[in-house]
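User: Please take a close look at the empty space in this model, then set it in the context of the parts around it.
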Amino acid sequence: MKIVQIAGYLGSGKTTLIIALSRKVAEAGMKVAILVNDVGAVPVDGKVIEEYGLTVKDIGGGCICCQVAGTMIRTLETLAKGPKPEMIIIEPTGIAVPESIRQTVMMNAGKTGAVLGPTIVLFDTTRTDKLLTYDTLKRLVTTQIRDADIVALSKVDLSSADATDHAERAVRELNQTAKIIRLSTVTGEGLAVLADQMREVTVQA
Amino acid sequence: MTEFVELNSRNPVHDDINSYGMRCVVTAAKPVSADELRRFAAELMTAIASACITAGAKDVSHVKAFIEHDTGFLHADTVGNPDNAKVEGRNGKPAESFELVVNSVIYGLSAHAVREITESGINKTAGLFGLVRTHAEK
């Protein structure tokens with residue numbers, strides 16, 4: 001059971017991407033489940049993903065990177081014992097710290113039988129300066145980017161070439177080793193590459 | 001059912017980001033068309049996001065909602081700019097009542113302010129469309 005985390009700040013396009021990627025991965029013959037953590041206990045994202053015919057487990061009541069990490073592990077255990085998906089895609093809240101989730105998953109790999117796929121972090125190219133300006137926001141978004149194995153520069157269809165280049169330079173400054181993929185769920189740019197990475201890449205703890 | 005989650009109690013990266021989520025049932029005197037529901041959803045997103053900015057929010061991080069009734073499902077959201085509200089989903093037949101779930105996550109406003117603005121935005125926008133919130137749980 002491979003765990004792939006698709007993180008990124010609020011509104012970066014995680015839910016839309018997960019719907020698109022899950023279909024691609026499922027089309028390739030893999031059984032996929034999605035674990036969604038919404039901010040607040042009235043979930044929206046899980047319901048939207050379910051609407052597209054995908055298998056979803058919702059976790060509410062706080063952030064899985066800190067407040068409800070235990071619930072995440074129990075949910076992974078339940079999935080491992082029950083539906084036994086080959087891949088679980090975790091959509092954390094937009095304010096989650098990806099490394100905290102990765103560590104929690106790996107510390108409990110004995111219980112869940114999980115292997116770790118790549119941590120994909122979305123970065124909204126239409127909001128580069130905003131996201132990297134304010135203190136708290138900058139600290140959070142910077143942390144998310146640094147924790148990524150892959151950074152997907154999202155909404156490139158809405159950004160000029162210059163704005164996308166600017167976003168890529170900003171991301172590269174923060175994370176010198178991550179693979180950077182330009183992504184649009186509208187045009188499909190980058191989707192096939194990301195789906196391949198999810199299937200093929202395994203990360204050592 | 002309304003939910004109020006304290007996000008910044010344990011993790012410093014959550015500082016100054018607050019959320020409010022609520023679920024209710026909305027009714028209309030006569031069936032509301034899918035087009036009208038889409039307009040309602042978009043205007044609701046814009047109303048909440050605009051009010052957050054007016055109140056001093058540093059960023060409208062994500063305001064999102066879904067509307068569900070017997071034959072339709074619409075989801076709406078806005079990020080950053082209040083005028084960028086997006087509505088997608090299945091239209092369905094005109095509906096006399098529907099479930100509405102709204103989730104606002106805002107950077108730079110207190111939890112209390114996010115709650116008040118979200119509630120006020122729902123009530124005002126519903127009023128503009130001749131809709132009434134009936135009870136908290138479907």
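Analyst: The largest cavity

The largest cavity holds about 40 Å³ of space. A cavity here is a set of points on a 1 Å grid over the protein atoms alone where a 1.4 Å probe fits but cannot get out; grid points are joined across faces, edges and corners, and the volume is that filled by probe spheres set on them. The model is a predicted one, in which local features need pLDDT of at least 70 and side-chain atom pairs pLDDT 80 or more, while totals for chains, interfaces and linings use all residues. Residues are numbered from 1 along each chain as written, chains are lettered from A and ligands numbered from 1 in the order written, and side-chain values use heavy atoms, without hydrogens or water.

The lining of the largest cavity consists of A:Ile3, A:Gln5, A:Ile90, A:Ile101, A:Arg102, A:Val105, A:Leu116, A:Gly117, A:Pro118 and A:Thr119; a lining residue has an atom within 4 Å of a grid point. In chain A, strand 1 (2–8), helix 4 (98–107) and strand 5 (115–124) each contribute at least two of these residues. Helices (H or I, at least four residues) and strands (E, at least two) are DSSP runs, numbered from the N terminus. Strand 5 of chain A is the main contributor to this lining, with four residues. By class there are six nonpolar residues, three polar and one charged, where Ala, Val, Leu, Ile, Met, Phe, Trp, Tyr, Cys and Pro count as nonpolar, Asp, Glu, Lys and Arg as charged, and the others, Gly among them, as polar.

Across the whole structure, two cavities of 30 Å³ or more are found. The second largest has a volume of about 30 Å³, and its lining is made by A:Gly8, A:Tyr9, A:Val121, A:Leu122, A:Phe123, A:Leu131, A:Val141 and A:Gln144. Strand 5 of chain A again gives the most, here three residues; strand 5 and helix 7 of chain A each provide at least two. Six of the lining residues of the second largest cavity are nonpolar, two are polar and none is charged.

Helix 7 of chain A covers residues 135–146, 12 in number, and spans 16 Å from its first C-alpha to its last, close to the expected 16 Å (1.5 Å times one less than the number of residues). Its buried residues are A:Thr136, A:Leu137, A:Leu140, A:Val141, A:Thr142, A:Gln144 and A:Ile145. Buried means under 20% relative accessible area and exposed over 50%, with partly exposed in between (1.4 Å probe, protein chains only). Two of these buried residues, A:Val141 and A:Gln144, belong to the lining of the second largest cavity.

The open space is described separately. The largest pocket has a volume of about 990 Å³, a pocket being an open set of points with protein on both sides within 12 Å along at least five of seven lines. Its lining comprises 44 residues, and those closest to its centre are A:Gly13, A:Thr16, A:Lys155, B:Asp77 and B:Lys86. At least two lining residues come from each of helix 1 (14–27), helix 2 (45–51) and strand 5 of chain A, and from each of strand 3 (59–68), strand 4 (73–78) and strand 5 (86–90) of chain B. Helix 1 of chain A has the largest share, six residues. The pocket lining divides into 15 nonpolar, 16 polar and 13 charged residues.

Between the chains, 36 residues of chain B contact 31 residues of chain A, a contact being heavy atoms within 4.5 Å. About 2,900 Å² is buried between the two chains, 62% of it from carbon and sulfur atoms; buried area is the accessible area (1.4 Å probe) that two parts lose on being put together, summed over both. B:Val13, B:Lys64 and B:Tyr107 account for 18% of the area that chain B buries against chain A, more than any other three residues.

Chain B itself has two helices and seven strands, in the order β-β-α-β-β-β-β-α-β from the N terminus. Of its 138 residues, 54% are buried. B:Thr125, in helix 2 (residues 111–128) of chain B, is buried at a relative accessible area of 3%. Leaving out residues up to four places away in sequence, B:Thr125 touches B:Phe40, B:Glu43, B:Leu44 and B:Ala47. B:Pro94, by contrast, is exposed at 52% and sits in the loop between strand 5 and strand 6 (95–107) of chain B. With the same exclusion of up to four places, B:Pro94 touches B:Pro31, B:Val32 and B:Ser33.
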